[in-house]
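Grab a pencil and open the viewer. Below are some short exercises, each with a worked solution to check yourself against.

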Amino acid sequence: MSDEEHHFESKADAGASKTYPQQAGTIRKNGYIVIKGRPCKVVEVSTSKTGKHGHAKCHFVAIDIFTAKKLEDIVPSSHNCDVPHVNRTDYQLIDIAEDGFLSLLTENGNTKDDLKLPTDETLLAQIKDGFAEGKDLVVSVMSAMGEEQICALKDIGPK
């Protein structure tokens, strides 16, 4: 045996913790699924009957939770699909920086400054207008597969 120690530096991320496997036949409408590497919310599921030799197939129609693009996939119902871990967290809005980044207050009292304003025009207008009026705003942040985006806004009253 040698006395040398080997150090391995991992530059790649396996992404294993971002998703978990679930049998395609058990995924239902309003559930989540990974299609073409994107986390999606299932809007329609249809199952075809088995052929003479073969598996029943599930046809998924889903919408990307971050880009709102419609994606489709057909998977044998006995096979496993990747399902993303989707989290929704609420943060209180403290400030909007000049460069479009938000300063948010976490539950433990720290600030989170790495989120940009949403691209959705109506949500963007609601956040800017509410902040300009001095309202106390709480934003809901959806996170999945290493991505985060503001998806909703709540007004908790004036400051």
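**Exercise 1. The helix ruler**

What span should the 12 residues of helix α1 (residues 121–132) have at 1.5 Å a residue, and how far apart are its end C-alpha atoms?

Solution. Keep in mind that this is a predicted model. Start with the expected span, which is 1.5 Å times one less than the number of residues. For the 12 residues of α1 that gives 16 Å. Next, check the ends: the C-alpha atoms there are 16 Å apart, so the two values agree.

**Exercise 2. Two sides of α1**

Work out which residues of α1 are buried, which are exposed, and how they are placed around the axis.

Solution. Begin with the buried set: Leu 123, Leu 124, Ile 127 and Gly 130. These cover an arc of only 145° around the axis, so they sit on the same side of α1. Now turn to the other side of the helix, where Glu 121, Thr 122 and Ala 132 are exposed. Just past the end of α1, Gly 134 has a positive phi of about 80°.

**Exercise 3. Zoom in on Leu 123**

Is Leu 123 buried or exposed, and what does it touch beyond its sequence neighbours?

Solution. Leu 123 is part of helix α1. Buried means under 20% relative accessible area. Leu 123 comes in at 8%, so it counts as buried. Leaving out residues up to four places away in sequence, its contacts are Pro 118, Ile 150, Cys 151, Ala 152 and Leu 153. Cys 151 is 28 residues along the chain from Leu 123, yet their C-alpha atoms are 8.0 Å apart.

**Exercise 4. Follow the contacts to the strands**

Start from Ala 152 and trace its contacts to Val 138, then list what Val 138 touches.

Solution. Ala 152 lies in strand β11. Not counting neighbours within four places in sequence, it contacts Arg 88, Leu 123, Val 138, Val 139 and Ser 140. Arg 88 is 64 residues away along the chain, with 10.0 Å between the C-alpha atoms of the pair.

Now step across to Val 138, in strand β10. At 13% relative accessibility, Val 138 counts as buried. With neighbours within four places set aside, its contacts are Asp 90, Tyr 91, Gln 92, Ala 152, Leu 153, Lys 154 and Ile 156. The C-alpha atoms of Val 138 and Ile 156 are 7.0 Å apart, with their positions 18 residues apart along the chain.

**Exercise 5. Find the cores**

Which residues touch the most other members of the largest nonpolar core, and which elements each supply at least two of its residues?

Solution. As background, nonpolar side chains in soluble globular proteins tend to be buried together. Here the largest nonpolar core has 14 residues, and those touching the most other members are Leu 93, Leu 102, Leu 104, Ile 127, Val 139, Val 141 and Ile 150. At least two residues of this core come from each of β7 (86–96), β8, α1 and β10 (135–144). There is also a second, separate core of 13 residues, with Ala 24, Cys 58, Leu 71 and Cys 81 among them.

**Exercise 6. Unusual backbone angles**

Where do Ala 68 and Met 145 lie, and what are their phi values?

Solution. Recall that most residues other than glycine have a negative phi. Ala 68 isn't a glycine, but its phi is positive, at about 65°. Look for Ala 68 in the loop between β4 (57–64) and β5 (70–76). Its relative accessible area is 59%, so it's exposed.

Met 145, also not a glycine, has a positive phi of about 55°. Met 145 sits in the loop between β10 and β11 (147–158). Its relative accessibility is 21%, so it counts as partly exposed.

**Exercise 7. A buried loop residue**

Place Thr 106 and list its contacts.

Solution. First, location: Thr 106 is in the loop between β8 (101–105) and β9 (111–116). Then burial: at 18% relative accessibility, Thr 106 counts as buried. Its side chain makes a polar contact with the side chain of Asn 108, at 2.5 Å. Beyond four places in sequence, Thr 106 contacts Tyr 91 and Lys 112.

Note on methods
Residues numbered from 1 in each chain as written. Predicted model: local features only at pLDDT ≥ 70, side-chain atom pairs only at ≥ 80, totals over all residues. Heavy atoms only, no water. Helix = DSSP H or I, 4+ residues; strand = E, 2+ residues; numbered from the N terminus. Buried < 20%, exposed > 50% of the residue type's maximum accessible area, 1.4 Å probe, protein only. Polar contact = N/O pair within 3.5 Å; in protein donor to acceptor, adjacent residues only side chain to side chain. Contact = heavy atoms within 4.5 Å. Arc of directions from axis to C-beta. Core = buried A, V, L, I, M, F, W, Y, C linked by side-chain atoms within 4.5 Å.
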